[in-house]
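Hi,

Here is the structure I promised to pass on to you. Have a look at it first, and then read on for my notes.

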Amino acid sequence: MTTPLPGSPPSLEGLIEENRLALAQLRGLLDKLTPVAYRQPFGADGRHTLGKHVRHIIDHYSALFGGLEDGGQSLDYEHRRRDETLEEWPHRAAERLVSLETSLLGLADQSPPTRFTLDYPLDEERLLLGSSIERELAFLTSHTIHHMAILGLLAEQVGVSLPESFGVHPSTLRHWQREAMMSPVTEEEA
């Protein structure tokens, strides 16, 4: 973790940092990819690409910030803008990730709405669910890490090696740290 962000509640601060770290790790992957590898189709029907997963992650953050810009009254992940250039060009996606990281930092200096409504379509019905910025940042961390785990598998297929922590949820990393601290050191390891 980095230095605490001034003026923000500790829970918001930690959630902002988790998201920023995930996006920075994702940018690290993009730095290793050529446009050809980024667009390479995977799967039986060729529907999956690294670029589509990255674009999907970015779309969700953009939906959150779009909802906040509209006064934070409503957030809708289903009707998000799908910018296909982000799934074609890794440098464009990396630029967008930098912008999102900056926007995340800006949340600490703002007063985001404490409560807002998540608009969730369910068949023909639309559910209006109460939510908060903290809840949505927790969701985005999990959603991002889930897709990064898939990205890690696809990146291996194109010969890109990634750190062991890539696509691993912060809770799992904390668990690994606790286990490492509790396990005795053997003579072979010393």
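Below is what turned up when I went through it, from the overall layout down to single residues.

First, a caveat: this is a predicted model, and every value here is computed from it.

**Overall layout**

The protein has six helices and three strands. Starting at the N terminus, the order of elements is α-α-α-β-α-β-β-α-α. Along the principal axes, the C-alpha atoms fill a box of roughly 60 × 40 × 30 Å. There are 190 residues in the protein, and 42% of them are buried.

**Helices H3 and H5**

If you want a place to start, try the packing of helix H3 (residues 50–69) against helix H5 (residues 133–157): the axes are 9 Å apart and the angle is about 170°. Angles over 145 degrees count as roughly antiparallel, and H3 and H5 are therefore roughly antiparallel to each other. As for what makes up the contact of H3 with H5, its residues split into 15 nonpolar, seven polar and one charged.

Each of these two helices also has a residue worth a click. In H3, look at leucine 50, which counts as buried because its relative accessibility is 0%. Its partner to check is leucine 33: the two are 17 residues apart along the chain, with 9.3 Å between their C-alpha atoms. In H5, go to methionine 148. Methionine 148 is buried as well, at 0% relative accessibility. Leucine 26 lies 7.3 Å from methionine 148, C-alpha to C-alpha, although 122 residues separate the pair in sequence.

**Salt bridges**

How many salt bridges does a search of the whole structure find? The count is ten. In general, side chains of opposite charge can pair when their charged atoms come close. Three of the pairs are described here.

- Arginine 20 and glutamate 17: the closest N and O atoms of this salt bridge are 2.9 Å apart. Both residues are in helix H1 (residues 10–30), and because they are three residues apart there, about one helical turn separates them. Are they buried or exposed? Arginine 20 and glutamate 17 are both buried.

- Arginine 27 and glutamate 101: here the side chains meet in a salt bridge at 2.5 Å, N to O. This pair links distant parts of the chain, since arginine 27 sits in helix H1 and glutamate 101 in helix H4 (residues 90–109), 74 residues apart. Arginine 27 has 24% relative accessibility, so it counts as partly exposed, whereas glutamate 101 is buried, with a relative accessible area of 10%.

- Aspartate 59 and arginine 55: the closest N and O atoms of this salt bridge are 2.5 Å apart. Within helix H3 the two residues are four apart, so about one helical turn lies between them. Aspartate 59 has a relative accessible area of 2% and is buried, and arginine 55, at 12% relative accessibility, counts as buried too.

The last pair is also part of something further: Arg55, Asp59, Arg80 and Glu87 are linked in a network of salt bridges. It's worth bringing up all four side chains together on screen.

**Around strands E2 and E3**

Now for the loop between strand E2 (116–122) and E3, which is where you will find aspartate 123. What is the phi of aspartate 123? Its value is positive, about 55°, although the residue is not a glycine. For context, most residues other than glycine have a negative phi. Aspartate 123 is exposed, because its relative accessibility is 77%.

Which residues form a nonpolar patch on the surface? They are Tyr120, Leu122 and Leu129, and together they have about 260 Å² of accessible area. Leucine 129 belongs to strand E3 (residues 125–131). With 35% relative accessibility, leucine 129 counts as partly exposed.

**Where I would look**

If time is short, I'd pull up three things: the H3 and H5 packing, with its angle of about 170°; the salt bridge of arginine 27 with glutamate 101; and aspartate 123 with its positive phi.

Let me know what you make of it.

Cheers

Note on methods
Residues are numbered from 1 along each chain as its sequence is written. This is a predicted model: local features need pLDDT of at least 70, side-chain atom pairs count only at pLDDT 80 or more; totals for chains, interfaces and linings use all residues. Side-chain values use heavy atoms; hydrogens and water are left out. Patches are made of residues with over 30% relative accessible area and no salt bridge: like charges are joined within 9 Å, nonpolar side chains (Val, Leu, Ile, Met, Phe, Trp, Tyr) within 5 Å. Accessible areas come from the Shrake-Rupley method with a 1.4 Å probe; for residues, only the protein chains shown count as cover. A salt bridge is a side-chain nitrogen of Lys or Arg within 4 Å of a carboxyl oxygen of Asp or Glu. Buried means under 20% relative accessible area, exposed over 50%, partly exposed in between (1.4 Å probe, protein chains only). Axes are lines fitted to C-alpha atoms, for helices over the stretch in contact, and angles run from 0 to 180 degrees between N-to-C directions. Angles under 35 degrees count as roughly parallel, over 145 as roughly antiparallel, 65 to 115 as roughly perpendicular and the rest as oblique. Ala, Val, Leu, Ile, Met, Phe, Trp, Tyr, Cys and Pro count as nonpolar, Asp, Glu, Lys and Arg as charged, and the others, Gly among them, as polar.
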